[in-house]
Amino acid sequence: PRVEAVTHAYMGPEHPEAAMGQALEDQGLQYHTLEMDDLIERTAEHLNQGHVVGWYQGRCEWGPRALGNRSILAHPGWPNMKDLINQKIKRREAFRPFAPTILADEVPNYFEQDVESPFMMHVVRIREEKRKEMAAVCHEDFTGRLHTVSREQNRLYYDLIRKFSEKSGTPVVLNTSFNENEPIVDTPAHAVACFVRNDIDVLVMGRTITTKPGKSLD
C-alpha cells in the first residue's frame, strides 16, 4: 500500500522559544516578543522597507532547500538587493541567483507556466512584464527557481508573504538559505551567530524579533 502524498518538507528538528530567548541573551541582544499577527505585520514592513530578514520558524526543512522555515528573506524588487545579499551576507559569486517564493495562487500571474513547486524543484520563465518587479530573483535567462507556498503547507510563511503583498503589491519574496558558506542553521544559537557576524538587518525567531542598529521601526 502507498503512503500518503508528501506535501511539504518541514520534518526536521524544532526548538523551543526558551532556547531562542537564551541564544539572543547569550549574545547580549535586546529583542521583543510579539503576538503572531503583530510579528507578521512588523516583519512584512521590514521587508517592504528593503531590510534583509533572517526567518527562523517551526520545524526545519528536510533536504537541500530552504523553504521558508530556515530562510533569509528580502524584497524581490529592491534595487541592488541581489548584489547586496551575495556580497555582504552570503559572501559568494555575484552571478548566483536567488529563489522567488510566491503564493501558489499567484503563479500564473508572474510565471509563464502554472506549476506547483513546494520543494523548489522547477525552473520557470518569469513573465516579461514582471521581470523588473522581481529583479532580484530573475536570472539572466529570465527564469526563477520557483518555490510555491500554500496556506495548508506553511500557514505562517504564507501569511507573511500575503501581508508583504498588501504593502508592496508583490506576492513574492526573495528566499535563500539561512547560512553563510556553511550548512543551513539548525539551532537558535546557530541562527543568532549567523545574524551577528554578517549584514542581516532583522532576525525573527518564533515570536521574537531583534534588529541591527538603525533598522528599528519604532
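# A guided look at the cores, helices and pocket

Visitor: Leaving out residues up to four places away in sequence, which residues does Phe178 touch?
Guide: Keep in mind that we are looking at a predicted model. With sequence neighbours up to four places away set aside, the contacts of Phe178 are Gly54, Trp55, Tyr56, Arg70, Ser71, Ile72, Ile184, Val185, Ala191, Cys194, Ile200 and Leu203.

Visitor: Which element gives the largest share of the largest nonpolar core?
Guide: That core has 33 residues, and Ile85, Phe111, Leu174, Phe178 and Met205 touch the most other members. Two or more residues each come from α1 (17-26), β3 (70-74), α3 (81-90), α4 (107-110), β7, α6 (188-197) and β8 (202-205). The largest share, four residues, belongs to α6.

Visitor: How many residues are in the other core?
Guide: This core lies apart from the one we just discussed. Leu34, Leu39, Val202 and Ile209 are among its members, and its number of residues is 20.

Visitor: Over what arc around the axis do the buried residues of α3 spread?
Guide: Let's list them to begin with: Met81, Lys82, Ile85, Asn86, Ile89 and Lys90 are buried. Their cover includes β3 and β7. These buried residues sit on the same side of α3, because the arc they cover is only 130°.

Visitor: And what arc do the buried residues of α1 cover?
Guide: In α1 the buried residues are Met20, Gly21, Ala23 and Leu24. They share the same side of the helix, since around the axis they cover an arc of only 160°.

Visitor: Which residues are exposed on the other side of α1?
Guide: The buried residues of α1 pack against β2 (53-56), α6, β8 and β9 (208-211). Turn to the other side of α1, and the exposed residues there are Ala18 and Asp26.

Visitor: What phi does the residue just after α1 take?
Guide: The residue to look at is Gly28, placed just after α1. Its phi is positive, about 70°.

Visitor: Which residue with a positive phi follows α3?
Guide: Most residues other than glycine have a negative phi. Here the value is near 55°, and the residue that follows α3 is Arg91.

Visitor: What is the relative accessible area of Asn80?
Guide: Asn80 belongs to the loop between β3 and α3. Its phi is positive too, near 65°. Exposed means over 50%, so Asn80 counts as exposed with its relative accessible area of 59%.

Visitor: Is Asn181 buried or exposed?
Guide: Asn181 is in the loop between β7 and α6, and its phi is near 55°, a positive value. The cut-off for exposed is over 50%. Asn181 has 59% relative accessibility, so we call it exposed.

Visitor: How many charged residues are in the lining of the largest pocket?
Guide: The largest pocket has a volume of about 400 Å³. Of its 22 lining residues, Arg92, Arg96, Pro97, Arg145 and Thr176 are the closest to its centre, while β6 (143-149) and β7 (172-177) are the elements that give two or more residues to the lining. By class, the lining has eight nonpolar residues and eight polar ones; its charged residues number six.

Visitor: One last stop: how far apart in space are Asp159 and Gly63, C-alpha to C-alpha?
Guide: Asp159 is in helix α5 (residues 155-168). Beyond its neighbours within four places in sequence, Asp159 is in contact with Ile40 and Arg151. Asp159 and Gly63 are 96 residues apart in sequence, and their C-alpha to C-alpha distance is 23 Å.

Methods
Residues are numbered from 1 along each chain as its sequence is written. This is a predicted model: local features need pLDDT of at least 70, side-chain atom pairs count only at pLDDT 80 or more; totals for chains, interfaces and linings use all residues. Side-chain values use heavy atoms; hydrogens and water are left out. On a 1 Å grid over the protein atoms alone, a cavity is a set of points where a 1.4 Å probe fits but cannot get out, and a pocket is an open set with protein on both sides within 12 Å along at least five of seven lines; lining residues have an atom within 4 Å of a point. Grid points are joined across faces, edges and corners, and a volume is the space filled by probe spheres set on the points. Ala, Val, Leu, Ile, Met, Phe, Trp, Tyr, Cys and Pro count as nonpolar, Asp, Glu, Lys and Arg as charged, and the others, Gly among them, as polar. A nonpolar core is a set of buried Ala, Val, Leu, Ile, Met, Phe, Trp, Tyr and Cys residues joined through side-chain atoms within 4.5 Å. Buried means under 20% relative accessible area, exposed over 50%, partly exposed in between (1.4 Å probe, protein chains only). Contact means heavy atoms within 4.5 Å. The arc is that of the directions from the helix axis to the C-beta atoms.
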